[in-house]
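Let's take a walk through this one, going from the contact between chains to the aromatic rings. Have the model open as you read.

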Amino acid sequence: MSKISKSWRRGLAAGAVATLVVGLVAACGGGDDPSESTKLGKDDTLTITTFSEFGYGDLIEKWNADPERPFKVKQTVVAEWDTWKQSLTTGLQSGEGLTDIVGIEGDMMPALLAEGASEQFVDLSDSELDSRWMESKYLEGKTADGKQIGYPTDAGPEAFCYRADLFEKAGLPSDREAVKELFKDWDTYYATGEQFKKKMPKTAWYDSSGAVAQAMLNQVEYPFQTKDQKVDVDNPDLREVYDTVSQHAPTLSTKVEQWGEDWMANFTNDGFATIPCPGWMFANIKDSAPDVKGWDIVDAFPGGGGNWGGSYLAVPTQSEHPDEAKEFANYLTTAESQVAASKVAGNFPANLEAQTVLAEENATDPYFNDAPTSQILASRAEAVPAGVPFKGDKYSDILGLFQQAIRRVDEGTDPDKSWATFVEGVEGMS
Amino acid sequence: MPTTTSAPVENATTATSAGASPRRQTWRDRLSRWDLKLSPYLYIAPFFLVFAIIGLYPMLYTGYLSFFSWPAYGSEVGPWVGWDNYAHVLGDSVFRKAFWNTMGIFLLSSVPQIIVATILAALLDTRLRGRTLWRMSILLPFVVAPAASAMIFGAIFADGTGLINQTLDGFGLSKVPWHADRFASWTAIATMVNWRWTGYNALIILAAMQAIPRDLYEAADIDGASKVKQFFHVTLPSIRPTMIFVIVTSTIGGLQIFTEPRIFDTNLRFQGGSDFQYTTLTMYVFNTAQTTTNPYPRAAAAAWVLFLIIVGIALINFLVTRAVQRRSLR
């Protein structure tokens with residue numbers, strides 16, 4: 001017995017020492033200095049990750065084909081923001097694994113401006129660029145002490161896309177001008193939906209509860225946090241959005257989750273008649289339903305205006321080529337690049353000059369019944385109330401929990417019970 | 001040392017010529033003695049070295065980390081917080097949900113899986129035409145990449161347009177809310193697990209069955225025992241050690257289940273259902289590392305709690321199987 005325990009003990013000690021040695025070696029091996037930047041040559045590659053559709057494919061192809069360009073660029077495109085947000089978060093926390101340029105959804109920006117997080121990004125400020133973008137977007141990418149973390153790519157002024165053919169079938173007006181009246185405020189919008197459902201019981205009025213919730217939420221001044229960043233989700237404005245959406249979910253919604261397979265399928269099988277439409281949604285509709293005729297866009301939005309999304313390009317400090325990354329982010333957000341990108345993805349550029357160019361061209365989109373898309377988005381941008389909603393540092397995360405609360409109602413949970421879970425979840429975050 | 005090396009050749013020759021000289025040891029003797037004593041340790045050392053690097057070290061570091069704070073997106077470890085992270089994890093209702101989900105999915109997968117695998121193995125142990133083909137083909141699901149099986153099962157279990165729900169709808173039956181109902185989601189995930197692992201377990205059990213001496217069956221045949229009786233009284237008792245191995249490994253695998261629920265997850269937040277219907281403990285660890293406040297240390301604490309749970313259940317498992325074995329030996 002004693003012999004066994006003795007050799008056992010010796011084995012343990014040896015194991016512990018081995019572990020310690022290995023640990024030390026590993027610790028030393030990890031000591032590379034990432035801040036040391038190296039100059040990129042003509043055949044070296046700068047990496048960039050974007051999500052959804054930024055419309056940069058052709059731009060990057062052209063850049064790589066040009067013999068004059070100082071380096072090559074490789075783009076990774078992640079289909080959904082939420083997937084990319086996870087990898088981005090992990091990459092920031094572990095301090096490695098991110099590309100030289102990263103695309104960031106506007107709702108997450110406030111969290112990254114906070115102390116501790118903003119140190120993870122290269123200061124992109126450049127006094128020459130101060131007047132390049134819409135001021136509100138530009139300031140949303142800037143910390144309190146003036147560090148520019150992101151270059152704005154687009155804004156998300158929302159219009160409404162609708163199926164003119166289904167409107168006709170339901171006996172509603174389908175002409176762009178006449179339809180405006182149906183989208184003048186939320187009450188009319190929901191009432192029209194009830195009317196539509198009576199004629200077309202198999203088709204939902206809107207694509208998902210999450211989308212209309214987001215649309216209404218974007219008109220609330222202080223949805224989740226007060227001006228001094230205090231979390232306050234028990235406010236009547238937020239509750240009103242929640243109650244309205246919950247109330248209409250059983251009748252008007254498809255009750256599917258956005259971006260999922262069932263959601264995609266609903267674009268082609270007459271699953272719904274209307275969808276809140278920021279510019280970047282155009283590409284999603286065209287990709288999901290290339291053969292459906294009858295999509296149109298109305299220059300109106302219930303309750304005034306609203307901005308959904310709008311992204312940034314940022315350079316994490318872990319990039320080994322911050323100078324080149326900054327240079328290329330600059331290139332991607334020039335008026336010329338943004339006009340080109342907007343033509344691919346349909347999104348509304350945050351670049352002011354690009355906005356003017358697109359408005360002067362006054363392009364129409366044959367897919368959307370020749371709607372003057374750039375003009376509609378420009379007019380919708382004017383309707384967006386300044387500084388609404390206020391986005392605190394926890395905006396993106398609480399928004400996720402809020403959408404899950406709505407999702408539970410879609411799935412049949414009692415709205416009050418689901419709300420309680422939401423409040424509990426928000427408390428658990430801190 | 002110098003005395004022996006001075007004339008080794010001479011020593012060796014005298015030793016052989018004089019027959020045996022046990023007192024004197026040659027260099028070669030000593031080498032072979034060391035070889036016998038030391039080389040086994042050298043042979044197994046690579047495993048322990050690799051384990052120390054990729055297993056033990058991260059585990060100990062995780063334990064260390066679980067007592068500190070580390071703000072979101074921060075690049076450095078914050079101050080010591082004691083047991084706070086553990087208290088948060090244990091007090092979290094999501095953690096409790098994850099625990100019961102894991103147990104539920106584990107029971108729904110492991111139990112039918114081992115029963116079906118044993119029956120499959122027994123069938124494959126008979127004289128079939130094209131035996132090898134059948135044996136290889138049950139391993140096919142195991143070879144399919146998880147990403148590919150994600151597409152298959154995504155199409156089968158989609159709530160609106162999925163194969164099963166479309167079929168039910170066609171018969172006028174109501175659709176199953178695969179992602180909304182807790183039990184339905186567990187069943188769907190368990191199906192994916194079983195599809196992937198049943199063949200694998202069946203092959204291991206089959207290997208054990210092949211090692212049973214055939215004359216046992218001949219004797220049973222002469223005694224007039226039916227095939228079913230032979231299965232229960234000859235086959236099962238003979239493969240008991242392998243069964244215990246299969247049960248224990250699938251217990252550990254079942255408690256660490258991650259890929260299947262993660263693949264099944266269509267939730268925007270990847271939190272395992274809007275109300276955490278099918279989030280598992282490993283998913284909880286993974287998702288905790290992404291939340292706003294103190295992500296890494298809390299995930300580390302959760303990982304250690306999970307580790308202790310697995311050790312606990314493995315211990316119960318061990319005690320139960322040992323008791324069963326003792327009783328059957330008596």
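**Where the chains meet**

Between chain A and chain B the count is 1 salt bridge. It pairs the side chains of Asp397(A) and Arg269(B), at 3.9 Å from N to O. Keep in mind that this is a predicted model, and that a salt bridge here needs the nitrogen and the oxygen within 4 Å.

Polar contacts add to the picture: 13 residue pairs, both at pLDDT 80 or more, are in polar contact between chain A and chain B. So which parts of chain A touch chain B? The elements giving two or more residues to that side are α1 (2–29), α3 (81–94), α4 (109–113), α11 (261–268), α17 (395–410) and α18 (415–429) of chain A. The largest share, 9 residues, comes from α3(A). Sorted by class, this side of chain A has 10 nonpolar, 17 polar and 11 charged residues.

Stepping back to the whole contact, chain A puts in 38 residues and chain B 40 residues. Together they bury about 3,300 Å², with 50% of it on carbon and sulfur atoms.

Now for the rings. Over all chains, a search of the whole structure turns up 67 aromatic pairs. One of them is Phe51(A) with Trp81(A), a tilted pair at 4.9 Å centre to centre and 50° between the planes. Phe51(A) sits in strand β1 (residues 45–51) of chain A and Trp81(A) in helix α3 of chain A, so the pair ties together parts 30 residues apart in sequence. Both Phe51(A) and Trp81(A) are buried.

Elsewhere, ring pairs link up a cluster whose members include Phe160(A), Tyr162(A), Trp186(A), Trp205(A) and Phe301(A).

Note on methods:
Residues are numbered from 1 along each chain as its sequence is written. Chains are lettered from A and ligands numbered from 1 in the order in which they are written. This is a predicted model: local features need pLDDT of at least 70, side-chain atom pairs count only at pLDDT 80 or more; totals for chains, interfaces and linings use all residues. Side-chain values use heavy atoms; hydrogens and water are left out. Contact means heavy atoms within 4.5 Å. Buried area is the accessible area (1.4 Å probe) that two parts lose on being put together, summed over both. A polar contact is a pair of N or O atoms within 3.5 Å; within protein, one must be able to donate a hydrogen and the other to accept it, and residues adjacent in sequence count only if both atoms are side-chain atoms. Helices (H or I, at least four residues) and strands (E, at least two) are DSSP runs, numbered from the N terminus. Ala, Val, Leu, Ile, Met, Phe, Trp, Tyr, Cys and Pro count as nonpolar, Asp, Glu, Lys and Arg as charged, and the others, Gly among them, as polar. Rings of Phe, Tyr and Trp (its six-membered ring) pair if their centres lie within 6.5 Å; planes under 30 degrees apart count as stacked, over 60 as edge-to-face and the rest as tilted. Buried means under 20% relative accessible area, exposed over 50%, partly exposed in between (1.4 Å probe, protein chains only).
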